[in-house]
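User: Please take a close look at one side chain in this model and describe its setting. Then carry the same kind of reading on to other parts of the chain.

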Amino acid sequence: MSRDAFFCKEWLPNYRLLSPNDINELIAETTSDGRVVVKNICDSDQPCNWETTIVPISQISEKIHRIWGAANHLSSVSDSPEIRDVINKNLEQVTSFWTDFSQNKALYKIFDNLRRGISKTSHPQQHKVLCDYIRDFELAGAHLEDDAQLNFKQNTIELNKLAQRFSENLLDSTKATAIKVDLNKEGIPIKSLEGIPTHVLELSKKEAKKRKVDGYVFSLQPPIYLPILEYSSNRSLRFDMFCKYGRRSSDIAEEGSLFDNSPIIGKILKLRYQQAKILGFSNPAELSLATKMANSPEDVVIFLKELAAKAKPFAQKELDKIKDYSNQIESIRKVEPWDIPFISEKLKKSRFSIDSEELRNYFPLSKVLSGLFETVKNLFGCEILKEQENTAEILWEQSVQVFKVVSQGQVTGYFFFDLFSREEKRGGAWMDECRSRIKYDSGVQTPIALMNCNFSQPIADEDVFLTHDEVVTLFHEFGHGLHHLLTEIDYLEISGISGVEWDAVELPSQFLENFAWEYDTLQKISKHKDTGLPISREMFENIYAAKNFNSGLQMIRQIEFALFDILIHKELNGCERLNDNQVYKKVLEILEIVRGEISVIKQPSFVLFPNSFSHVFDGGYAAGYYSYKWAEVLSSDCYARFEGKNDREKSILGDSFKKEILSRGGSREAIISFRAFMGREPKSDAMLKHLGLVNTSS
Ligand SMILES: [Zn+2]
């Protein structure tokens, strides 16, 4: 393929033409070019300046990020043995390039000198770029002795490999397990499938057909697993699903220890502690916070425990109500974790006359998208239009849609929407960068975002209907997308979400979620399947009242994850001397302690959630899971200013939010952007109020 088909600055990159072979070649080519660029800068006897140093480095980094990003993207959305092979083959090469780069002592010195020469007042953006580089050089050990540097580099390469293994294991273990329900001679399922939504049954029949068996095959993919836990009246089926899901990638998984992540967790933690020590930090949590808004691991623990203390009484009350209600609907003597989603759903329906599956009929994807785009236009003044050019030939999958963002008549960015679940796609929802905004002498390179969800696949050519939760997820990812797309920063390193502190990255996404709970927005995004009517005022009141149903329990669950994450990266000093299994055991001990202190729902010991905790072992959330709550404090605080305002007022506020937060990227510290918009420091009151976790006087 031609290089331009992928590395283009204005038009859309072609993913379809990008064969595994091309990826291999482009990675080899760009990393080798990168080494030449670095060498030329280090060997040069000319005085260094921005144009001769940072510009060429930015340009080549951009190419490496782009091609490696594409390989990782393809591995996430269309996993195959070929693409896994590409990742595994090149992982070492790419990691090695970046480690050599950030450990380069000569380059470190050159950058440090440059920083001294660039004034923060007259060139604040360039100054910030250089400060970030210097910090990253130091976090990669550029200042260390050679032995320590080498050790650090080898550990980094090993850690990346382990993360990839963790993710492959989880995908494989999820795929390896399914529950088959046969039909009897009369063609009736031999187990009760009562309550399971029709679209889930359809998908399961389709899955059975694919596997050439009769009956139904229920996979552990979220669009199947979650509705079964929520709706199936068959308790033993729920239990069965729950067990299999909780045991994924452990040695008690359905397939045995074939995809066991336990030793990998042990290895990862040992290496993370070693890395922190090499750099002079007490533990990996401290190292992780060096690039975040939060000051210290202790501050994070206090933050989480304070929130837990506020949420726990509410969570306990919610659980008691679930238990009370179970007596009325089921003859369940003891409510177990696999009963809670089911009873909760029934309780929610009885209290708010809402059935999430019924509500689904109001949210055809096409209407949700047009309403979302209208909301965004009113808030931030940009238009979102479907790309009319023939995009099919550049896509990795035919159901992906391409849109462009138009501001003041100019196309300022694009995004790819890959919204449906597939077996070869990883679970969850996420936004990735495909291309970043950069200003060149020849013009501006427009940013491109990749937004991915896991909604049920359309059956035939019909419109897909979303649950309200899925609508909220879509708004969330779109908030990330806008952060990347509405940037006005000219430098790769700090444009869009680049250079933004990790615990502030969720601010725009969680901020946008709030609009999916407003009456005005719901009018724009809903249209009933049969009646064609939007959500009525009365239904809205119900949906809104139900919004905080079980919010205490949810908050507690999030805090449990976050506290577990920060503690395993803070409390396991000395684990480097233990074997993998011993470390894993310590991890489970910490899990027990956290559950004992925080949880209100006792999980059975076979739920080995660390083994599928991708955020922390395979994503970038190590000692950073608290970021969700941290950023929610910020986003709720910002959103509170929009509450109860009319469209005109919202668009004025939206403009200011765009100017001070969305467009700024990582060009300044998140707290400065926050203060610029809010005029003060963050407070958690708005978040607790939005979640209904405050005692009202009534
Ligand atoms: Zn997010």
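Analyst:
**One side chain and its setting**

A polar atom of the Thr174 side chain lies 2.7 Å from the backbone oxygen of Leu170. The model is predicted, not experimental. Thr174 belongs to helix H7, which runs over residues 146–176. Its relative accessible area is 9%, and Thr174 therefore counts as buried, the limit being under 20%. Beyond its neighbours within four places in sequence, Thr174 is in contact with Leu220, Gln221 and Arg248.

Ser249 directly follows the last of these contacts in the numbering. Ser249 sits in the loop between helix H10 (235–246) and helix H11 (262–278). Its phi is near 55 degrees, a positive value in a residue that is not glycine. Ser249 has 0% relative accessibility and so is buried.

A second loop residue has a positive phi as well: Ala623, with a value near 50 degrees, is also not a glycine. Ala623 is in the loop between helix H23 (614–617) and H24, and it is buried, at a relative accessible area of 1%. H24 itself covers residues 627–640 and contains Lys629. Is Lys629 buried or exposed? With a relative accessible area of 7%, Lys629 falls under the 20% limit and therefore counts as buried. Leaving out neighbours within four places in sequence, the contacts of Lys629 are Phe303, Leu307, Met555, Gln558, Met687 and Leu691.

Two of those contacts, Phe303 and Leu307, fall in helix H13 (297–329), and Met555 and Gln558 fall in H21 (551–568). H13 also holds Ala315, a buried residue with 0% relative accessibility. Ala315 is in contact with Gly552, Leu553, Ile556 and Val600, neighbours within four places in sequence left aside. Lys602 is 287 residues from Ala315 in sequence, yet their C-alpha atoms are 13 Å apart.

Ile556 also takes part in the packing of H21 against H22. The axes of H21 and H22 (580–598) are 9 Å apart and form an angle of about 140 degrees, and the crossing is right-handed. On the H21 side the residues are Ile556, Ile559, Glu560, Leu563, Phe564, Leu567 and Ile568; on the H22 side they are Val587, Ile590, Leu591, Val594, Arg595 and Ile598. Sorted by class, this contact has eleven nonpolar residues, two charged ones and no polar ones.

Toward the N terminus, two helix lengths can be checked against the expected rise. H2 (residues 20–43) has 24 residues, so at 1.5 Å a residue it should span 34 Å; the distance between its end C-alpha atoms is 35 Å, which agrees. Among the buried residues of H2 are Asp22, Asn24, Thr30 and Thr31, along with Ile23, Leu26 and Ile27. The cover over the buried residues of H2 includes helix H1 (3–7), H3, helix H4 (81–102) and H5. H3 (residues 50–77) has 28 residues and should therefore span 40 Å, in agreement with the 38 Å between its end C-alpha atoms. Asn49 caps the N-terminal end of H3, with a side-chain oxygen 3.1 Å from the backbone nitrogen of Glu51.

H5 (105–117) leads to the loop before helix H6 (124–139), where Thr121 is found. Unlike the buried Thr174, Thr121 is exposed, because its relative accessible area of 74% is over 50%. Thr121 and His199 are 78 residues apart along the chain, with 59 Å between their C-alpha atoms.

Terms used
Residues numbered from 1 in each chain as written. Predicted model: local features only at pLDDT ≥ 70, side-chain atom pairs only at ≥ 80, totals over all residues. Heavy atoms only, no water. Helix = DSSP H or I, 4+ residues; strand = E, 2+ residues; numbered from the N terminus. Expected span 1.5 Å × (residues − 1). Polar contact = N/O pair within 3.5 Å; in protein donor to acceptor, adjacent residues only side chain to side chain. Buried < 20%, exposed > 50% of the residue type's maximum accessible area, 1.4 Å probe, protein only. Contact = heavy atoms within 4.5 Å. Axes fitted to C-alpha atoms, helices over the stretch in contact; angles between N-to-C directions. Left-handed = near helix turned anticlockwise from the far one by under 90°. Nonpolar A, V, L, I, M, F, W, Y, C, P; charged D, E, K, R; others polar.
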